[in-house]
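Reader: Hi! I'm in my first year and still learning how to read a protein model, so could you take me through one part of this one slowly?

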Amino acid sequence: MSIKKVTQHPSQNEGLIFERSQTGRVGYRLPKLDVDPISLDELLPAELRRDDGLEGVPEVSEVDVIRHFTRISTWNYSIDLGMYPLGSCTMKYNSRLNEKTARIGGFAGLHPLAPEEESQGALELIYKLQEDLAEITGLPGVSLQPAAGAQGEMTGVMLIRAFLDARDGEASKDRRVMLIPESAHGTNPASAAMSGFTVKTIRATADGLTDMAHLRELCNEGGVAGLMLTNPNTCGIFETDIKEICDTIHNAGGLVYMDGANMNALVGVARPGDMGVDVIHLNLHKTFSTPHGGGGPGCGPCLCSADLAPFLPAPRIEKDGERYHLNFDVPTSIGRVKAFYGNFGMMVRALSYIYTHGHDGLREATESAVLNARYVSKKLEGAFDKPFASDCMHEAIFSHKNQSKKGVSTLDIAKRLIDYGFHPMTVYFPLVVEGAMLIEPTESVGRADLDAFVEAMIDIDREASENPQLVIGAPHSTRIGRLDEATAARKPVLRWRPDTVSTAKTA
Ligand SMILES: *Cc1c(COP(=O)(O)O)cnc(C)c1O
């Protein structure tokens, strides 16, 4: 870890809250006690009291606390600060209106065990969101339980397994191969393997598409339970053979799972159900603008065809006339995948997003997202190597081929972007492109911000050829430069002890 000279700006040089501690300093003042003091024993029996003292708790004033935490909050890049071009993540703006709706008392304060008759509004909201997502995807079966895309994926793969077991009986055990393209997100093979499938990898063509000849070959080998496909794929390219891909899998007796993380390129324009897809997951925290990050809370709805719907997680929300109720008695269900009904707050926000935009607004968001990505793709194609010739959908892909001749890699370019005030793009994913840079601007940026980003990238390309060390040593503007990220992830130091040396002290 390289720590640079301490700069003058206070927000760049912050010790730990423990190091600000001064004995006796407090953030409150109480009036003198004017009632008979109760004995401590009467108030709290000795066996319930801790006896190790409270050593090490920082003694600070209110303003110490506020300034400390406000300062360190400014070290973080956030979606409210600027463009966040993380490809495959759809980091779009999280609208304030969503937050306002989620804070409505009746929604925010509702207990998950409240009886049905007292939670009709919440049940109606879940039901309506399910209906809207079914319309958007063209798939009628919905469960909003999964808490993330990866969990929605696993739920979908379990549905496929349950369906095959019910359809084929004993013979189902001979159908355990899941086909997955080499460009897939790592969660795809993980979900398949955890559900008892063996993964076979499908090659990509030079255009970044599924290799149809290889797909047919793998189908002919037999035992195919299904295919997991992202569309547009993780290179940002629409799989134009999707109909034929689905037919090939269906003819082989398998089912088609679509990873819907890239639905921001399709909402309001095209429906996976109409393309022949049997199961899909969505990421409300990507496509439907609910907050994304920190591991949740998220929501990864799983949607499926009518044939697979009997296997969806229970309880199911049902409508009887004007009343909504939860049906726990679904014998064919794969069971519950999440406590209660999933992350309800995310559902409120997503429905708020859908209602804010309406049919035409959702389509416009999709079109703007694709337009923005194509703008970046065109503007940068002179400076950066573009591995595929076809027009991209909602994300643009480049490689470091041109810059690596000067010893500058994708990681260096990403780190240098921080100095220009941007969050780096997705790097080294998908694996099919060496030194990949996947840029997804989303619809939330205007022309001026796009131009500033493009300009930064072009400047970095110039630096890479004129002064490569400048890029290789980046970032230069942050308090801490390059971290040993593997060690930070594997051996995090999360607890302060009096002998802990903070980074501010060593700086
Ligand atoms: C984000 C993503 C996932 C996983 O979604 P999480 O909500 O992060 O679990 C799966 N596939 C693709 C292509 C993704 O981009």
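Reader: I'd like a close look at R96: is R96 buried, partly exposed or exposed? Please go on from there to whatever helps me to see its surroundings.

Author: Happy to! One thing to keep in mind from the start is that this is a predicted model. R96 is partly exposed, and its relative accessible area is 45%. That value lies between the two cut-offs, because buried means under 20% and exposed means over 50%.

Now look at what the side chain of R96 does. It meets the side chain of D80 in a salt bridge, with 2.7 Å from N to O. R96 belongs to helix α3, which covers residues 96-102, while D80 sits in the loop between α2 (62-73) and α3, so this salt bridge ties together parts that are 16 residues apart in sequence. The partner is partly exposed too: D80 has a relative accessible area of 48%.

The loop that holds D80 has another residue to look at. K92 also lies in the loop between α2 and α3, and its partner E443 lies in the loop between β12 (437-439) and α14 (447-466). The two form a salt bridge in which the closest N and O atoms are 2.8 Å apart. Along the chain, K92 and E443 are 351 residues apart, so here the pair links distant parts of the chain. Are K92 and E443 out in the open? K92 counts as buried, at 3% relative accessibility, and E443 is buried as well, with a relative accessible area of 17%.From here we can step back to the wider set of salt bridges. A search of the whole structure finds 27 of them. One of these joins E381 and K378, whose side chains meet at 4.0 Å, N to O. E381 counts as partly exposed, with 35% relative accessibility. Elsewhere, E14, R20 and R71 are joined into one network by salt bridges that share partners.

Charged side chains are one kind of partner, and aromatic rings are another. The structure holds eight aromatic pairs. In one of them, the ring centres of Y77 and Y84 are 5.5 Å apart and the planes stand at 65°, so this pair is edge-to-face. Y77 is partly exposed, with a relative accessible area of 22%, whereas Y84 is buried, at 14%.

Next comes the ligand. Around it are S88, A148, G149, A150, E153, H185, T187, D259, A261, N283, H285 and K286. By type, this shell divides into three nonpolar, six polar and three charged residues. Helix α6 (residues 149-168) gives the largest share of the shell, three residues.

Some of these neighbours can be placed atom by atom. In the side chain of S88, an N or O atom is 2.6 Å from an oxygen atom of the ligand. For G149 the backbone takes part instead, with a polar backbone atom 2.7 Å from a ligand oxygen. D259 uses its side chain, where an N or O atom is 2.5 Å from a nitrogen atom of the ligand. Taken alone, the ligand exposes 380 Å², and the protein buries 88% of that.

Two further residues are good practice for reading loops. S195 has its place in the loop between α7 (187-194) and β3, and S195 is buried, with a relative accessible area of 8%. A polar atom of the S195 side chain lies 3.0 Å from the backbone oxygen of S191. T210 is found in the loop between β3 (198-202) and α8 (212-220), and T210 counts as buried at 5% relative accessibility. The C-alpha atoms of T210 and D241 are separated by 8.2 Å, although the two residues are 31 residues apart along the chain.

To finish, here is the whole chain as a frame for these details. The protein chain has 17 helices and 12 strands. Its C-alpha atoms fill a box of roughly 80 × 70 × 45 Å, taken along the principal axes. Of its 507 residues, 47% count as buried. R96, where you began, is partly exposed, and its salt bridge with D80 ties helix α3 to the loop between α2 and α3.

Key
Residues numbered from 1 in each chain as written. Heavy atoms only, no water. Helix = DSSP H or I, 4+ residues; strand = E, 2+ residues; numbered from the N terminus. Buried < 20%, exposed > 50% of the residue type's maximum accessible area, 1.4 Å probe, protein only. Phe/Tyr/Trp six-rings, centres within 6.5 Å; stacked < 30°, edge-to-face > 60°. Near = heavy atom within 4 Å. Polar contact = N/O pair within 3.5 Å; in protein donor to acceptor, adjacent residues only side chain to side chain. Areas by Shrake-Rupley, 256 points an atom, 1.4 Å probe, with all protein chains shown as cover. Nonpolar A, V, L, I, M, F, W, Y, C, P; charged D, E, K, R; others polar.
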